[in-house]
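Okay, thanks everyone. I'll put the structure up and then just walk through it. Shout if I go too fast.

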Amino acid sequence: MTRRAVMRFSKTFFMTGFPGFIAERLVERLARADVQFFLLVQPQFVEKSMKSIDEIASRTNTPPENFALIEGDITQTDLGMSPEDIEAVRETTTDVFHLAAMYDLAVSKEAAYNVNLEGTKNVNMLVRSLPHLARYSYISTCYVAGNREGKILEIELEHDAGFRNFYEESKYLAELEVEKLKADLPVTIFRPSVVVGDSKTGETVKYDGIYYLIQYLKKAPNILRLVNVGNKNVTLNLVPVDFVVDGIAKLAFDEKALGKTIALADPKPLTTEELFDVIAENLTGKRSAISPPPMIVEKFLLSPISPPVTGLPHSGVPYFFLSQTYDTRIADQLLKEHQINCPSFRDYAANLLKFVEKHPQL
């Protein structure tokens with residue numbers, strides 16, 4: 001760990017999940033000369049993190065000494081930090097951003113619980129020990145709603161509808177733990193929906209979710225676009241990473257967001273049928289010709305031959321067939337004051353496709 005010993009900072013941010021896609025962008029968004037960062041990094045990512053910090057420091061004109069990389073792991077006691085690092089973090093941290101998680105729909109129960117649930121409990125313990133804490137921003141997911149159907153309110157959490165996978169279940173249990181802290185600590189919970197690439201540059205670091213559909217159509221656009229495998233009754237809520245980062249960066253310091261749970265989701269999401277047509281039209285200039293009954297499409301997508309043909313793993317299929325929407329009234333009201341709006345997928349789909357075309361492999 002490298003840090004300045006004498007310079008005083010107006011704020012000190014402790015963050016998990018670096019150098020993840022959202023975390024990297026959030027650090028760059030928050031970087032400035034009077035802010036210090038403690039970035040918890042797993043040993044295998046230290047070299048990548050050092051390179052990332054050099055680039056962020058250069059782009060933001062922030063002194064490299066403002067960024068301290070701390071080797072650790074949220075699944076370990078004291079997050080795997082050394083006694084010296086723990087002391088420094090506790091003495092100076094004003095804001096905590098907990099982003100580290102297993103974002104894998106096919107993750108095992110043991111791994112999901114270890115990282116997402118027990119890891120969050122460990123971060124919560126650290127948060128409780130910080131004497132100068134101004135805000136704890138926890139990054140959850142809209143999918144804590146599990147198998148619930150209909151409209152999901154931001155003020156709702158507990159349910160017994162079950163879950164599609166251990167990712168959802170472990171994040172639900174983790175959010176319950178963070179929710180308990182609201183009674184005693186300054187907490188804001190953020191629930192992003194499905195995060196895709198940058199709305200302007202299309203940049204992303206992983207091809208999953210909607211990218212399965214993009215890559216499927218790209219195999220033979222003029223033929224595959226004829227049959228729409230989407231569902232006119234089910235929406236898939238997509239948000240570009242820049243919208244998510246902008247929302248967190250502003251509301252993490254907004255007093256009106258204190259104690260709130262905020263759905264960083266598209267207020268007007270497209271149905272999966274509409275998403276299919278937007279992608280098809282961008283690729284070929286034409287929309288689909290027919291839409292088979294959802295039951296037939298679901299049966300095919302869950303068949304053994306589907307993943308090799310479509311590229312969509314079975315773990316992703318349920319998201320095309322559960323009628324679930326996310327109410328964003330709290331988010332909309334808070335974000336409006338910062339002039340932040342979620343763009344429609346129709347407006348940035350072309351940018352995502354351009355990036356995929358330029359970077360076929362990540």
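Let's start with one residue: leaving aside its neighbours within four places in sequence, what is F37 in contact with? This is a predicted model, by the way, so keep that in mind throughout. With those sequence neighbours set aside, the contacts of F37 are F13, V27, L30, A31, N66, F67 and A68.

One of those names comes back when you look at strand pairing: F37 stands opposite F67 in β3. The strands involved there, β2 and β3, run parallel and are joined by 5 bridges.

Now go to the other neighbour of β2. β1 and β2 also pair in the parallel sense, again over 5 bridges. If you want a residue to click on, take M15: its bridge partner in β2 is L39. M15 also stands opposite F97 in β4. That strand, β4, covers residues 95–98, and 4 bridges join it to β1, with the two running parallel. As for cover, β1 is mostly hidden, with 5 of its 6 residues buried.

And the connection from β1 to β2? Together with α1, they make a β-α-β unit, and that unit is right-handed.

Zooming out to the whole sheet. Which order do the strands come in? The sheet is open and has 7 strands, in the order β3-β2-β1-β4-β5-β7-β10, with parallel pairing. At the edges sit β3 and β10, each of which pairs on one side only. On average, neighbouring strands are turned by 20° against each other, if you ignore direction.

Then there's a helix to look at here, α8. It packs on the sheet and touches β4, β5, β7 and β10, and its direction makes about 155° with that of β10. Is α8 enclosed or open? Since 9 of its 11 residues are buried, α8 is largely enclosed by the rest of the structure. The buried ones are V241, D242, F243, V244, V245, G247, I248, A249 and L251. Note that there's an aspartate in that list, D242.

Okay, the core. The largest nonpolar core has 41 residues, and the ones touching the most other members are L26, F37, L39 and F97. You've met F37 already, in contact with F67 among others, and L39 and F97 were the two residues across from M15. At least two core residues come from each of β1, α1, β2, α2, β3, α8, β10 and α12. Which of them gives the most? That's α8, with 7 residues. There's also a second, separate core of 38 residues, including A145, L236, Y319 and F345.

F345 takes us to another helix pair. Helix α13 runs over residues 345–358, and it packs with α6, residues 210–219, at an angle of about 65°, with the axes 11 Å apart. The crossing of α6 and α13 is right-handed. On the α6 side the residues are I210, Y211, I214 and K218, and they meet F345, L352, L353, V356 and E357 in α13.

Now a few backbone things you may want to check in your own setups. Where is the cis peptide bond I'd like you to look at? It joins F18 and P19, with omega about 10°. P19 is in the loop between β1 and α1, so to speak right inside that β-α-β unit made by β1, α1 and β2. Next, two residues with positive phi. N61 has a phi of about 55° although it's not a glycine, and its place is in the loop between α2 and β3. L79 is also a residue other than glycine, with phi near 60°, and it's found in the loop between β3 and α3. Buried or exposed, what about N61? N61 is exposed, with a relative accessible area of 69%. L79, on the other hand, counts as buried, at 1% relative accessibility.

Last stop is S306, in helix α11, residues 306–310. S306 counts as buried because its relative accessibility is 0%, and the cut-off is under 20%. Leaving aside neighbours within four places in sequence, S306 is in contact with F300, L301, G311 and L312.

That's my tour, thanks.

Note on methods: Residues numbered from 1 in each chain as written. Predicted model: local features only at pLDDT ≥ 70, side-chain atom pairs only at ≥ 80, totals over all residues. Heavy atoms only, no water. Helix = DSSP H or I, 4+ residues; strand = E, 2+ residues; numbered from the N terminus. Buried < 20%, exposed > 50% of the residue type's maximum accessible area, 1.4 Å probe, protein only. Core = buried A, V, L, I, M, F, W, Y, C linked by side-chain atoms within 4.5 Å. Contact = heavy atoms within 4.5 Å. Pairing = 2+ DSSP bridges. Right-handed = clockwise from strand over helix to strand, strands pointing away. Axes fitted to C-alpha atoms, helices over the stretch in contact; angles between N-to-C directions. Left-handed = near helix turned anticlockwise from the far one by under 90°.
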